[in-house]
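Good morning, colleagues. Please take a moment with the sequence and the structure before I begin.

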Amino acid sequence: MNVTLTQFILDHNHESLSSYLVGVVLLVSILMSGCHRIETMIRFFAIQSLSLILIMFIAGVVNHNPHILIISTIIFVGKCILIPTILMFVLKQIQINREIETYVALPVSMLLNCTLTALIFAIIPNIGIEKELHVLSSGLLSTSISVILIGLFIMMTRKKALVQIIGLYVMENGIFALTIDTIFEMPNVVEMGILLDLLIGALVMGVWVYRIRQSFETINVEELTKLRG
Amino acid sequence: MNYNILKHLTLLLTHTGLLLLFAPFIHSYIKKIKAMMQGRIGPPILQGYYDLIKYFHKETVASNQTSWLFSITPFIVFSTTLAAGLLIPTFTSEEFIVSLGGIILFIYLFGLGRFFMTSSACEPGSSFCSMASSREMMFATLIEPVMLLPLFVFVCMYGTNNICETVNQLASKGVALYTPTYILSIIAIFIASLAEMCRIPFDNQETHYELTMVHEGMLLEYSGKQLGIMFFSGWLKQLIIISLIANLLFPLYTMPGFTFASLCFAVIIYLLKVLIVSTFIVFIETIVAKVRLFRVRDILMTSFIMSIIALVISVYKGKGLGV
Amino acid sequence: MDINKILLLYSIPALAGFSVLLPKNKKIIGLLQASWMVFSFILALFIVKDILSFGFMSMFNNSIYLDALSGLMIFLVTLVGTIVSIYSISYMTNEVEEKIQNIWKLKGYYLLLNAFVFSMLLTVTVNSMGVLWIAIELSTLASAFLVGYYNREAPVEAAWKYIILCTVGIAFAMIGIILAYYAVTHVGGMKSLGLNWDYLVTIAHKLDPDLMKVAFVFILIGFGTKAGLAPMHSWLPDAHSEAPTPVSALLSGVLIKCGIYGILRFAIITNLSVGNDFSNKLILFFGLLSIGISGIFIITQKNIKRLLAYSSLEHIGIIACGIGFANPLAIFGALFHMVNHAMVKSLMFFTSGNLALKFHTKDMEHLKGTIQVMPVSGTILLIGGLALAGSPPFSIFISEFYILSGGIEGNYWVASILFLLFLLIVFGGLSYHFLQMTIGPLNNNVDSNISSTKYKMSKSGVVSMLLPLVLISILGIWMPAPLLKLLNEATKIVTRGHMI
Amino acid sequence: MASLICIKSKSLSIVASNIFAIIASTLSLISSVFSLINQHSYTLDYLVGFPFGKLELTIDPLSAFFVFMISLLVIPVSIYSIGYLKSEYLEKNIGLLCTLYHLFILSMLFVVLSGNGFQFLIFWELMTLISFAFVIFDIKSTESKNAGFIYLLMTHIGSAFLLLSFLIFGKYTGSFSFSSFHEASNLMPVSLKTVLFLCVLFGFGTKAGIVPLHIWLPQAHPAAPSHISALMSGVMIKTGIYGILRFVFDFLSPFPSWWGVFVVFIGITTAVLGIIFASSEIDIKRILAYSSIENIGVILLSVGASMIFYSFDQTVLATIALVASLFHSLNHSLFKGLLFTCAGSIVSRTHTRNIEKLGGLIKFMPKTAFLFLIGSLAICAFPLFNGFISEWLTFQTLLTLYELKPGFIKLIAPVVASLLGFTSAICAAVFVKTFSGIFLGIPRTHQVHHVKEVSYSMNLGSGILTLLCFLIGVIPFMLFPLLKNAASFIVGLDSSSNGNLQNLLTVNSRFILLGNNNFASISPLAILIVLIAGFFFIYSFSKIYGSKLPVRKEETWSCGVTPKAEFQHTPTGFSQPLKVIFSELHTPESFYHNYIYLPIVNGLISFSHKIKPLQSGVLQIYLLYIFLALILSLAWIKL
């Protein structure tokens with residue numbers, strides 16, 4: 001199976017395949033920044049993770065990396081199944097699904113993020129990082145940076161605690177993209193550890209969202225500004 | 001050696017005797033001259049002596065609030081004044097007790113006496129006395145720097161702290177001594193001395209209105225012998241200061257030979273000088289009015305500035321700033 | 001034998017965590033925990049002794065690396081852990097008695113405490129920078145529960161901010177680590193060892209300087225968030241003030257130093273790669289900023305625990321300055337300062353905890369003249385406050401002295417004078433507040449409160465307060481040779497990164 | 001040197017601990033005198049576990065002199081405190097007080113004995129902290145809280161200056177040992193030395209209480225127990241003088257002459273303003289505190305004169321000026337100790353420090369009154385007492401400045417000297433006010449009527465000080481060898497010019513003579529004899545010739561009304577004329593608060609309030625901070 005898959009990928013111009021996936025990652029993140037249904041955001045997150053894992057997988061296959069199947073499977077389980085499940089579970093517990101008010105109107109934020117992405121795509125190839133960094137693909141590098149920033153953007157403009165977690169994970173995905181792009185893979189222990197951290201993080205943060213809901217009867221972080229000075 | 005001791009002892013005794021004897025006289029003399037200038041007859045010329053005798057024979061009455069401090073104060077005031085008198089030249093500018101001290105001691109001895117006088121004035125708990133003593137202390141704070149600075153100018157210029165030595169050096173200069181520095185300093189000293197002697201324009205010794213009295217006010221609660229001693233000390237102080245000014249102003253014949261004739265002559269010269277200065281004081285008293293209490297500062301400040309100018313002139317003499 | 005010891009050290013928190021679940025009596029739980037921690041402290045002393053005699057040790061296929069720097073941190077973690085456990089006995093017992101919590105919550109507390117300690121021990125002992133990252137993130141997750149332990153509004157808010165800010169910060173650190181790893185692979189380094197600190201040090205001079213600079217900036221911001229350097233410190237006052245007192249002590253005493261530890265480890269590599277100036281100036285800048293900001297915030301602070309939190313910010317700034325001055329003296333001072341600050345800050349948090357229990361408020365407006373009501377705590381508050389502000393003869397003064405002398409030695413004139421100036425401002429603020437709290441007439445409003453509380457400090461509370469006090473007083477005038485050696489060795493490790 | 005034993009039993013512990021203090025300080029007194037006479041310098045080293053942490057105790061003539069001064073004051077003060085503590089602090093924590101007392105003395109001794117900058121700093125701060133503990137000893141009063149805070153903060157600022165200067169020294173010498181500091185001066189450029197000098201001057205000046213850094217002093221001294229105030233005012237602030245002397249002459253020489261002029265300027269400002277502030281105070285201990293500020297100014301005057309001489313290579317004259325300053329330090333410690341102990345006696349009996357509530361105490365506490373009178377006379381520098389001799393020397397050194405070439409110095413010398421006269425005149429006014437306010441007149445409140453004389457030991461302690469004041473005032477020559485050795489050591493006068501010194505300053509049992517051309521001379525014994533002679537002359541005269549009737553006691557005349565206490569001038573009224581005529585100079589204490597310190601503090605506070613919104617509580621903004629920090633740091637790379 002391994003051989004055939006490799007063959008398939010090699011046959012079908014893996015570079016363009018990756019490019020499509022990169023496009024998906026970007027598109028999904030921009031969409032997320034303009035999305036008001038939390039459930040959809042979680043799904044988008046899963047799709048984004050899946051695309052990244054596929055990119056990693058393809059690259060691994062191309063580079064004849066035997067571990068890649070196992071690693072990507074584990075990451076797939078973590079990022080595309082477990083984390084979305086946890087978040088969904090939390091969502092069900094707190095029974096709040098929509099985010100109406102944001103600091104920046106949603107269409108505007110989509111627009112802003114588009115501009116941001118365009119800017120980064122324009123800047124990154126020009127400042128010569130590419131030449132020095134032997135990256136998998138220059139598009140992925142720009143994408144990863146864009147995704148990190150979009151994640152941060154989501155965290156900064158949204159008011160619902162749960163959405164902030166999602167923003168955080170978007171950022172995490174950006175970093176993941178960067179990892180794939182630059183070093184391709186971390187040492188196994190580290191990779192697993194990070195994944196474990198993310199999982200525990202999702203759990204812990206879920207618990208906290210739940211607690212916020214209990215204490216404040218809302219998950220708007222606007223309410224969480226009592227401690228100041 | 002023996003001769004030296006004998007000479008010094010003689011001079012010392014003459015000096016002390018002169019001061020003690022003439023203090024009441026100068027007081028009455030000033031009163032008399034002043035009265036004459038104002039067209040009055042005035043008290044007899046020996047009134048001071050009569051007063052002293054009278055006070056000494058009166059009964060002493062003291063406030064029941066007073067303590068030992070009140071009763072010893074006259075003696076202390078007298079002895080400090082007398083000690084200060086030993087530091088200045090009278091008919092002779094030889095030092096009586098070798099290196100007893102210089103001008104600083106002179107000023108501080110007066111200060112010591114004043115400390116006791118003002119403290120005792122507060123003792124009976126009378127409002128007039130304590131007010132007078134408060135004012136006296138205010139004067140003192142102004143007088144001391146104003147008195148010290150011109151004297152310090154002399155110290156710096158003549159390189160000695162000793163008043164007798166200063167007078168000797170002045171005497172050696174002859175007429176050349178009347179430089180701007182010197183004149184300015186003397187004026188400053190004179191102004192400060194008027195204040196120190198409690199004379200118009202600073203204080204009026206003849207007033208009989210308690211609220212305006214300064215020096216006299218402090219003596220309100222004294223009587224009898226104690227008052228006599230206090231008055232006597234005041235007159236003594238007056239004579240001492242007049243002698244100082246007289247000798248600084250006219251450093252004439254201040255080193256008489258140790259013969260009876262020359263000593264007599266010196267004493268006469270000295271008395272003349274003192275009388276001239278006293279007359280001049282009377283003259284000033286007659287033509288100026290007593291100033292308001294808080295204007296005293298301005299007059300004394302002027303005097304202070306004058307001595308600073310004197311100092312500047314003496315320092316920058318060679319640099320085209322005066323003589 | 002070494003392996004056994006370190007394994008044992010790891011397993012103590014785990015064992016302790018399980019063992020506290022068993023008993024029913026709250027006192028026994030506390031005592032159990034305390035004795036476990038004492039045991040771990042003794043073990044840590046043995047480990048430190050081994051480190052001192054061997055120089056460094058690496059084991060488990062190089063995944064654990066122990067040198068003097070980690071030895072110092074192990075010492076610190078277990079020491080503060082011990083003190084905190086001892087203090088917890090009285091504090092938590094009291095809380096249970098006042099029905100603030102129940103026995104199960106108490107067990108949960110101890111469980112999390114152990115997890116927290118474990119994560120910190122892991123942080124300071126691992127070799128791989130990646131695992132270090134994981135451990136730091138774990139410590140955030142574990143301590144978040146402790147911060148929000150009371151489950152009321154404010155603690156929950158504090159915990160939420162803490163967790164979000166630290167996670168974002170840590171994410172940046174991840175980028176830094178990726179870049180560093182990339183730099184390693186780029187020069188053909190061994191992939192499997194690529195994140196191991198000992199390996200990185202050996203190949204650091206080959207790494208691409210520009211890349212390392214970028215990586216270091218990310219690491220500094222990332223771990224700096226954890227360490228609480230300004231302007232990434234915003235979580236710190238919230239978390240410190242809302243956590244239960246023993247946890248505040250642990251957070252302030254060691255957790256933020258784990259962040260510094262991460263920065264320090266990476267700075268060594270960066271220095272070897274790009275030269276001395278870059279990282280040090282950056283650290284120095286953030287350090288000075290931290291001290292300055294903390295001073296300004298301290299002046300008008302109203303809440304005692306926030307005050308202490310800002311003082312932690314100050315001390316982190318001092319430590320950062322010490323590292324930034326990049327002079328053996330200053331670094332010695334900075335490392336020593338870690339120990340001192342951990343001691344004093346635990347002491348101060350304990351004292352403030354006692355006051356809070358007695359007066360039922362953290363508002364300094366109501367905490368006045370406390371020395372009359374609580375002579376022991378009040379006196380310790382005053383003495384500790386002076387020590388905290390940097391008065392001799394306590395050891396904090398000594399370490400600040402070293403740092404400053406290092407700064408002057410290194411010709412950082414402006415920075416040194418600013419350092420001194422900021423310290424003066426902090427001193428003014430702290431001494432003002434502590435004097436207000438301890439001396440003077442009592443605030444009338446609180447009289448009824450005091451009489452209603454039956455809080456009385458137990459023996460364990462006194463021990464836990466006296467221990468750090470005695471330690472800082474002794475360290476102020478005399479330093480035991482092993483500690484001196486440990487600090488010197490650690491300084492050598494840090495200065496290893498300084499180009500000659 | 002001082003033993004530290006405190007026994008728990010209260011009254012026993014007072015006696016025991018104070019006796020220990022007495023024994024210990026007697027021992028240190030003897031040893032310091034020996035080392036002063038022999039001019040030995042030796043260093044004791046103890047190794048402690050720090051790189052700089054060698055415990056070095058160096059005793060050289062300068063530190064020996066200060067040890068001498070401290071021990072000399074400690075002995076009578078300890079005697080005094082036996083009674084004082086019993087009457088005042090019996091119900092309080094005596095053990096703590098005694099322990100701190102010993103530690104305080106010990107720390108002062110170690111400050112002057114330290115041979116190492118690092119250690120000096122530690123003991124310096126220890127001294128501050130312990131005295132701070134005394135200031136806040138009355139834990140229930142707001143006053144002591146505020147005093148303690150200002151004290152702590154100000155001295156800490158001073159210490160920061162010191163710390164900086166020590167570190168700069170350390171940088172240049174590579175060690176913190178004073179012996180290496182000594183050699184550092186050649187290595188440094190003049191500009192750096194000037195910076196160091198200013199650091200040192202402000203650092204030590206804060207402790208010594210120079211205006212405008214003095215604000216802690218009038219608050220801290222009244223708040224402390226009286227026997228401690230005596231030590232604080234008497235010797236603790238002198239450690240600042242010690243520091244200045246040690247640094248300027250030992251470590252920073254040679255230096256330009258303007259340093260000296262600067263110190264003279266600071267000295268005269270401090271002296272004049274200090275005493276003018278005192279004139280309007282009505283709190284007895286505050287008056288004494290302000291007068292300490294004045295005396296520090298006087299000491300600094302001769303220190304400055306000495307520095308000027310030194311910079312003109314007039315080592316002999318510099319020595320004489322230093323003798324004046326050391327002598328005045330010693331004298332001030334004695335009479336200020338005396339006055340503070342007397343004040344303590346008064347306060348312990350009447351429970352008020354406000355002199356407006358006292359009056360007429362001379363009838364109830366005659367001994368204390370007498371002692372206080374002597375103290376006042378000494379502090380006003382009247383002849384026969386010790387203050388006069390040292391102030392006289394200060395006058396002379398200032399006047400000899402005229403011998404130097406520059407016109408500016410010629411000009412300031414007499415002016416400054418006359419201003420010194422001005423301060424002592426105001427001082428007299430202040431102490432007349434104080435003495436008469438407390439002891440004379442009709443008691444102003446009822447609480448005065450029932451007071452009793454204080455215990456024997458308290459009066460004994462003050463009495464010893466009184467005796468010392470008088471003895472030094474009359475036979476000062478006993479002390480001159482000590483003073484001369486200390487001063488010539490610090491100026492570095494070699495033995496060859498010692499003869500020169502003998503020529504310029506002749507001191508023997510009959511007189512003190514300054515200058516070879518009979519520049520100035522004074523003969524304390526002769527003054528005594530003359531005064532006694534005058535006294536007995538007039539006394540016997542009035543006994544023999546005066547009226548023989550006994551003194552009749554009558555009511556004070558007050559215009560026919562029964563005199564009441566309210567008729568008297570209050571102390572405030574007494575100083576009112578002074579207040580009016582010096583209204584320009586009389587910048588009340590609040591001036592410094594309003595124009596120097598408060599703007600800084602308020603600026604900081606308002607800045608703090610302004611900056612508070614940065615910590616807004618909004619998570620998103622915090623994230624922004626992190627992000628901005630990241631961007632800026634990344635930008636830093638490109639720079």
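I shall speak about the contact between two chains, then about a nonpolar core, and then about the domains of one chain. Please bear in mind that this is a predicted model.

I begin with chains B and D. Here, 74 residues of chain B are in contact with 75 residues of chain D. On the chain B side, the elements that contribute two or more residues are α2 (47-57), β1 (61-63), α3 (68-85), α4 (103-122), α5 (127-158), α9 (224-249) and α11 (296-315). The largest share of that side comes from α5(B), with 18 residues. By residue class, the chain B side comprises 39 nonpolar, 26 polar and 9 charged residues.

Strand pairing also links these two chains. The strand β1(B) is joined by 3 bridges to β6 of chain D, residues 552-554, and the two run parallel. Within this pairing, B:S63 stands opposite D:E554.

I turn now to the largest nonpolar core, which has 641 residues. Which residues touch the most other members? They are C:L76 and D:V416. Helix α6 of chain C, residues 153-186, gives the most to this core, namely 24 residues. Domain 1 (256-493 + 563-587) and domain 2 (591-638) of chain D both give residues to the core, so it lies between them. The C-alpha centres of these two domains of chain D are 48 Å apart.

Finally, I return to C:L76. Leaving aside residues up to four places away in sequence, C:L76 touches C:V254, C:K257, C:M338, C:V339 and C:A342.

Thank you for your attention.

Key:
Residues are numbered from 1 along each chain as its sequence is written. Chains are lettered from A and ligands numbered from 1 in the order in which they are written. This is a predicted model: local features need pLDDT of at least 70, side-chain atom pairs count only at pLDDT 80 or more; totals for chains, interfaces and linings use all residues. Domain bounds come from an automatic or database domain assignment. Two residues are in contact if their C-beta atoms, placed from the backbone, lie within 7 Å. Helices (H or I, at least four residues) and strands (E, at least two) are DSSP runs, numbered from the N terminus. Ala, Val, Leu, Ile, Met, Phe, Trp, Tyr, Cys and Pro count as nonpolar, Asp, Glu, Lys and Arg as charged, and the others, Gly among them, as polar. Two strands pair if DSSP finds at least two bridges between them. A nonpolar core is a set of buried Ala, Val, Leu, Ile, Met, Phe, Trp, Tyr and Cys residues joined through C-beta atoms within 7 Å. A residue is buried if 20 or more other C-beta atoms lie within 10 Å of its own, exposed if 12 or fewer, and partly exposed in between; C-beta atoms are placed from the backbone.
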